[in-house]
Amino acid sequence: MANGYTINNSEHQRICVVMVGLPARGKSLMAQKIVRYLSWLSIKAKSFNVGSYRRLEEAHPSAEFFDIHNTEGERMRLQAAKLAVKDMMEWFEEEQGIVGILDATNSTKKRREWIRQLLAEHDIEPFFVESWCDDKELIMNNIMDVKTSSPDYVGQDPEEAAKDFMERIKKYEEVYETLDDQELTYVKIINISTQVVINRIQSYLQSRIVYYVMNLHIKRRCIWLSRHGESEYNLTGKLGGDSSLSPRGQLYAEKLPQLVRDAVGDRPLTVWTSTLKRTQQTAKYLPYPKLHWKALDELDAGVCDGMTYEEIERDFPEDFEARDKNKYEYRYRGGESYRDVVARLEPIIMELERQENIMIVTHQAVLRCIYAYFMNVPQDRSPWMVVPLHTLIQLEPRPYSTAETRVPANIPAVSTYREKGTSTLDK
């Protein structure tokens, strides 16, 4: 089950997303995002980066390594692709994978046909995703990111790395062939979704991926996350409700603008909150446009709304134990599970991917789900993550990872975290 839809594994639906594009077009970032999105929706996905296999033999290649006339370089690159495909096939068979992503330039029709034939032999659907871009400013920004974050240039002078990388791009441009084969299933993203070309999409899962990548952009941006300030319910240990901030929560709301200004600088920013009082009170002093989303409201505790954990364990001991065993799937009586929250957050994620700099002020469970999406946290772990009050979290998506910075406000607050398996009653 994924977001209300069943992915029927009995039909052995398996897809290989074959990335296509010149260097510095955001392919690796896009590949990672697809994995995170599908995994977040309970669809088993994994990316196989050909460059990581090539680095086993050639860790820091110069641009000349990628010259089409470099026979040894060509051999090593093909060998890396074969190893990546081999591991991907084993993953499909041994781990019952659903969507594998082959992350490489795959820049020629010859290479793509080789991949297509291999996939056909294993009854795996090929789905090509091309990131095509001639926006010079965007390309240069990506080059700047690569020179500081690519494993190929670890320990090298950043400016020399950038110069070499631009030469590498020229080598690929000499042989690059864009997707135009009408017999293939593909989506071509042109200049960050300025134009999208879709060809022969044949399944629900393919269309799901298309819709997702259509909403992506690869511009530099940050996302800031914060729980609401300490609330009156937090002080009494009650779940849910629509309580106001405590005096210390109010202090956090007053300090938050300075924390945000220090982090954001002069970049434009939009603030999203839930429809509940405590998030709107927390965002009250932030001098930015604000939007209120019902989808960002806290997990609905159903009949347990307004109760403490002690009361829940006393009145609903079987539910208390079931939630501990599988917190992600457990649904409160008349309320929601973490999986339900993920389902209603999908439009939020799509809109986040379309936007640039966004700050979200929301609730513990909702924040865990959003954080898990960006940081690729497994579902069984996400409901148990520690997300303290009075802390600003900055996430910055990069080509090879998402950078995280936490800025505590240094304003005391109660801890609302409960360890798994912890009884709240005196025995």
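A residue is termed buried under 20% relative accessible area, exposed over 50% and partly exposed in between (1.4 Å probe, protein chains only). The model is predicted, so that local features need pLDDT of at least 70 and side-chain atom pairs count only at pLDDT 80 or more, while totals for chains, interfaces and linings use all residues. Residues are numbered from 1 along each chain as its sequence is written, and side-chain values use heavy atoms, with hydrogens and water left out.

Helices (DSSP runs of H or I, at least four residues) and strands (E, at least two) are numbered from the N terminus. In helix H14 (residues 364-375), 11 of the 12 residues are buried, including Arg368, Tyr371 and Phe374. The end C-alpha atoms of H14 lie 16 Å apart, in agreement with the 16 Å expected at 1.5 Å a residue, the expected span being 1.5 Å times one less than the number of residues. Just after H14, asparagine 376 adopts a positive phi of about 55°.

Most residues other than glycine have a negative phi. Aspartate 123 nevertheless has a positive phi near 60°; this residue lies in the loop between helix H4 (109-121) and strand S4 (125-132) and is exposed, at 59% relative accessible area. Arginine 200 likewise has a positive phi, of about 55°, and is located in the loop between strand S6 (195-199) and helix H7 (204-214). Its relative accessibility of 42% makes arginine 200 partly exposed.
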